[in-house]
Each structure stands twice: as C-alpha cells, then as structure tokens.
Amino acid sequence: MANDVLVVAEHLAGKLTDTTFELLGKAVQLAGASGGQAVALLLGAPELAGELGAADLVITCDHPALAHFTAEAYEAAVAAVLAERQPRLVLLSTTTAGLDLAGSLSVAWDAPLVSYVVGLDADGDTVVATAQIYGGKMLAEVAVESVRTICAVTAGSFPAAAGRRDNPAAAVEAFAGPPSLDAVRSTFVELVEPDAGDVDITAADLLVSVGRGIGSRDNLELVEELAGALGAPLAASRPVTDLGWLPKTRQVGKSGLKVKPRAYLAFGISGAPEHLEGMSGAELIIACNTDARAPIFDVAHYGTTLDLFDLVPELSQQVGA
Amino acid sequence: MTAVRIVVALKQVPDLVEELEPSPEGTDVDREYITFVLNEFDDQALEEALLVKEATGAEVVVVALEDSDVDQTLYTALAKGADRAVKVTGAGASGGWLDTHSRAALLAAWLEGQDFDLLITGVQAPDDLDGQLPAIVAGRLGLPHASVVVSVEVKDGAARIRQEFSAGRSAVLEVPLPAVVGVQAARQAPRYAPISRIRQTMQAGGIEEVAVEAPPPASGFTIRRLYPPEKTSHAEMLTGSAGDVAARIVELLRAKGLVRA
Ligand SMILES: Cc1cc2nc3c(=O)[nH]c(=O)nc-3n(C[C@H](O)[C@H](O)[C@H](O)COP(=O)(O)OP(=O)(O)OC[C@H]3O[C@@H](n4cnc5c(N)ncnc54)[C@H](O)[C@@H]3O)c2cc1C
C-alpha cells in the first residue's frame, strides 16, 4: 500500500536471479524505515515463492502466458498488481527483463522511472536515487517527488545476502491474472542455450581478456600468443564477440558470463558497467588502457596506460612464448 | 503483400571516448566542447533494419530529433541504404540533454501519423536516465515490444526475434506487427558507407523536416547534481617502459603462482 516497496522477482530456467535478492534486501530496508511492507511479486513459477522469505508478502500470479518472459505478458500482470496495491516504490533490475519492462510500466502506471540506479534512499516523501550515466563516467543524483516511483537497479549495487532468507512461513497471496493476459500477442518459441564444448572461462584461474582496443581480428594473434604462453584462455568484452572475432562463450559481462578468476588481465577494455558486472569480483585485476580515465581503472588493482601493442609482445616475451 | 515499413529511430550522444566534465550548473555535462556521435546501439539497430530490407524488400525510414550533428548521421544512414530520412524539429527537440520520456513523446507524436510495421532502435543510449526509448515509445503507442534483441526476421506479418538474457542464453519470440524492437547487436557488424556516397547523399539533400508539438518534459524528477564518481578505489598505476611494466605484471602473477617459470 502507500509505503510498500514492491520487487518484481525474476527467474530464468527455474532459478531466481541474484538481482532479485539484491532488490529484495533493499526493499526490506526501505520498507522497514517507512513503515511499509516489502512485497515480492512472482510471475509464473509459484513454486519459487518459498525462497522469497525475506519479503513480508509474496504475491504470486500464475497463468500460461507467464510461463516464459515476454514484456507484454509481464507488463499486463505487473500493471494489474500495481493498480490494485499502489506501492510507493517498484524495484526492477537493468537486466533484459528490466530493460524491456521498466519503460512501458512507467507509461502504464504513470510513474517516474530512474534507470541504472546504484544508490537508493527515501528522504521523507522524496525518493533519492543515484544513477550511472555515460557508461559509468558520471553519476546523477535524482530526486523524485511523486507518490509512485519505479527504479531499475544495476546488478551488484546492493548485497544479495540481505534478501536471502528462507522463511516458509512468509505470507503468500495468489493474484488472479488479469483478462489482458488472455490477449497477449507475443509468443515464446524456445530458449536457446549457449554452445557447449568450448573452454569454460568461468573455471579458469587466469584470464587474458581483450576489448575493442585490439582494433582488428588480425591483431588478436598478439593476445592469443600471450594467452598461450600463460596457459590461460582468452576472454573478451562484448564488441569482440559481437564482431565474431571470438565465440560468444568467451564473453564476460552482463549478457555474457560472470567470472571470478584469481587474476584477470584486461587489454583495451574501457570498463563499461555491463562488463564490470561480469568480472569485478576477480581476486587480482590488471588493466591496460591508453585512456587514464577509463572506468576499468576504478576496479583494477593495477593499471597501465601503455599501448597494448607495446605491452603485450613484451609480456609474451618475458613469460617465455 | 506490400513491403514491410521499418522506422529506425537514431539519436546523437556525446562521444564517450572524450573527457566529460560536469557543466557549471552541475546538472548536465558541459556540452560546449564535446563531439556528438550516433548512439552505437542505434547503429546496430540500423544495420539490423538494413538486413531485413535486404531479405524482404522492406522500406527503411530513419528518424531523429534535431540533435547536434544529426544531419551527418542521417545522410550516412541514407548512404548505407535507408530509403528516407526524417528530422523531427519542434519544442524541446534541440538543445541540451532531453529526458527519454520527452524524446518518446516527440517521436510518438510523429509516429502516430505514420503507417509502419516495425520501429527499431537501440536497446539503450549512454545518456538514458529515465529509462530506455524502445519500451517507453511502445508503452505510449500500446504496441508489443522486445528489447535486448540480437536478431529480427520478418515473415507473414510477424517478427521472429531473438532476445538475449544473461550467461549467453537467449529466447526466440514471435511478435505480431506492428511492434517495437530494441536492438543490442545486429546479426553482423554495422556496415560502413563510403565517404563518396555520403557526399552524394548530402548533395542530393533529402532530409525531410517535420515539426511536431510535444508535451512538456515528462521525466517527473529533478537532477540534483551530475558528477564523476568519487573513486573509492583506483588502480595502482605501473609506470616505466613496456619492459618494466611487463616485468611487474609477471611478478604479480608469479606471486599468485600463475606463472610457472
Ligand atoms: C543489455 C546490454 C548488455 C551488455 N552486455 C555486455 C557484456 O556482457 N559484456 C561486455 O563487455 N559488454 C556488454 N555490453 C556492452 C557495454 O555497454 C560496452 O559497450 C562494452 O563493454 C564496451 O567494450 P570495450 O570496453 O571492449 O569497448 P570500448 O568501450 O570501445 O573500449 C575500448 C577501450 O580500449 C582502449 N584502447 C584503444 N586502443 C588501445 C590500445 N592500443 N591500447 C590500450 N587500450 C586501448 C580505449 O581507451 C577504450 O577505453 C552490454 C550492453 C548492453 C546494453
């Protein structure tokens, strides 16, 4: 109700996402401070409700159209719940579902939306959100004075532990799917799993990772040689796999893989938030980027602004290629 | 069957390669010296639209608000193969930072008078603060939509779309037209237009200008301040020659037992 904080839970292939718990932890904190309830909204997969025990209330909504994510079906269900419960604040993540849903919900529910939020507080009646903008090179502090606000939160901004509590006794309420769910026009065809068979970069102790700074496919040879000398697999940022220079299985980040090697060597990677999401947990990060202000240096332990074309051959030689 | 009509919305954004500084008021970036370039995700969206055109004979219309250096971008799109280019002028369409809800309102005002099957645009832009364009426009127009899309194929009045999730998973969806799609990456790298071709399109002119009346700014919030992130940590910078730096890196890896020799 008026002071409630509602989290739209996300699940993929039968599992709740980490971001769901990150949001839930934050919702519990904010709702507690304002005397409202932390509400988790679970669409499809009602069997996962027991894992959302950190919430004061879990609302489930099950309908054949919600078996898989489509923005249209999710929007129909979420909008119906929001219209009925009118929470103060709705939290989503800037995941695929969040990017697809937040904007249309803000229109449907007529609520201001702040995206790529990394900090969130309620200051009396004002919601104060800090959001990343310009690829993480700037932060914007935004004040929303509205009875309803939607925030789409960057993954990893809040600890997931605060949102993980098994509590089989949490109140669960089933919400009847609105009639609009019967009229959803988008249909799910199939889920495509990534190719198996390539090296598993999540299992490696050491990764040599390369970004757009490498310039061309031919130049990849240079880092391949270093990776070979170190006995480490080659990983990459998104543009490198989009261009087909390396297979998708090597992509680190938001839509790629999350890696936590003992050391991560980044060459020519700027450190966009979507990339950092996949590797900031590495034990040791060493970054090479000619731009001294590249955000990668904020997560790296060691850095150099040398040209990768000067450094990489030198490294290969010293490692004994 | 008549040809599918695709509208591709393009947007100019500050070039992130350059240094960005807060403006004197501290609520925007200083726009005086920055270069504006096409949002890279919009470039991907255009490429995907051109691939659909090649496969089906669709018509591709590019549209942009009147942002800095947008003419160059529109001419380049024509040179790459777009059939028409439209520049939306009017209240709020030029000048400083404009929130995405207002951009969506301006675009929707133009789109409402158009007959189109697909609106394709980038999944996001680096200066989005109040959400991403595809879902907001779709919400305004009441159309089905999908974002973070990596391929679009059009057949029999529907779009078959591949939507990407995390860890390399993706879903195939079928969405009836008209629909809105937010492209993350095209099936192939965006093509280049030869300079000579861009010059030709410039000489031929051909950007249609349309003025629209738009509702007032609609983000519903105020920006209190814009600032570079306070560094809670920063890498220790290794200096010296490539040889020196390489030696330090090898030492760091050796200390972790990650280099054998
Ligand atoms: C929904 C969504 C999901 C995404 N998922 C991912 C993801 O999973 N993984 C991912 O990586 N990105 C992802 N992205 C893309 C992300 O936003 C960035 O576009 C991307 O990470 C940038 O890659 P980059 O750092 O290689 O390229 P750029 O940002 O272009 O950086 C290249 C860098 O190389 C440096 N450089 C250039 N030449 C040299 C040289 N000679 N020596 C040294 N340095 C040099 C430059 O200074 C620059 O900083 C996603 C985006 C979206 C919208």
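The following is a dialogue on the contact between chain A and chain B and on some backbone features.

Mentor: This is a predicted model, in which local features need pLDDT of at least 70 and side-chain atom pairs count only at pLDDT 80 or more, while totals for chains, interfaces and linings use all residues. Residues are numbered from 1 along each chain as its sequence is written, chains are lettered from A, and side-chain values use heavy atoms, without hydrogens and water.

Trainee: What makes a residue part of the contact, and how many does each chain give?

Mentor: Contact means heavy atoms within 4.5 Å. By that rule chain A gives 85 residues and chain B gives 88 residues.

Trainee: What is meant by the area buried between chain A and chain B?

Mentor: Buried area is the accessible area (1.4 Å probe) that two parts lose on being put together, summed over both. Here the value is about 7300 Å², and carbon and sulfur atoms give 58% of it. On the side of chain A, Tyr134(A), Met138(A) and Glu141(A) lose the most area to chain B, together 11% of what that side buries.

Trainee: Why is the pair Glu141(A) and Arg225(B) called a salt bridge?

Mentor: The term requires a side-chain nitrogen of Lys or Arg within 4 Å of a carboxyl oxygen of Asp or Glu. The closest N and O atoms of Glu141(A) and Arg225(B) are 3.4 Å apart, so the pair qualifies. Glu141(A) lies in strand 9 of chain A and Arg225(B) in strand 12 of chain B, so this pair joins two chains. Lys256(B) and Glu283(A) also form a salt bridge, at 2.5 Å from N to O. Between chain A and chain B the count is 8 salt bridges.

Trainee: How do you know that strand 9 of chain A and strand 12 of chain B pair?

Mentor: Strands (E, at least two residues) are DSSP runs, numbered from the N terminus. Two strands pair if DSSP finds at least two bridges between them. Strand 9 (residues 138-144) of chain A and strand 12 (residues 222-227) of chain B are joined by 5 bridges, so they pair, and they run antiparallel. Within this pairing, Leu139(A) stands opposite Tyr227(B).

Trainee: What makes Tyr116(A) worth listing?

Mentor: Most residues other than glycine have a negative phi, and most peptide bonds are trans. Tyr116(A) is not a glycine, yet has a positive phi of about 55°. Tyr116(A) sits in strand 7 (residues 113-123) of chain A.

Trainee: Why is the bond from Leu177(B) to Pro178(B) called cis?

Mentor: The omega of that peptide bond is near 0°. Pro178(B) is in the loop between strand 9 (170-176) and strand 10 (179-183) of chain B.

Notes
Helix = DSSP H or I, 4+ residues; strand = E, 2+ residues; numbered from the N terminus.
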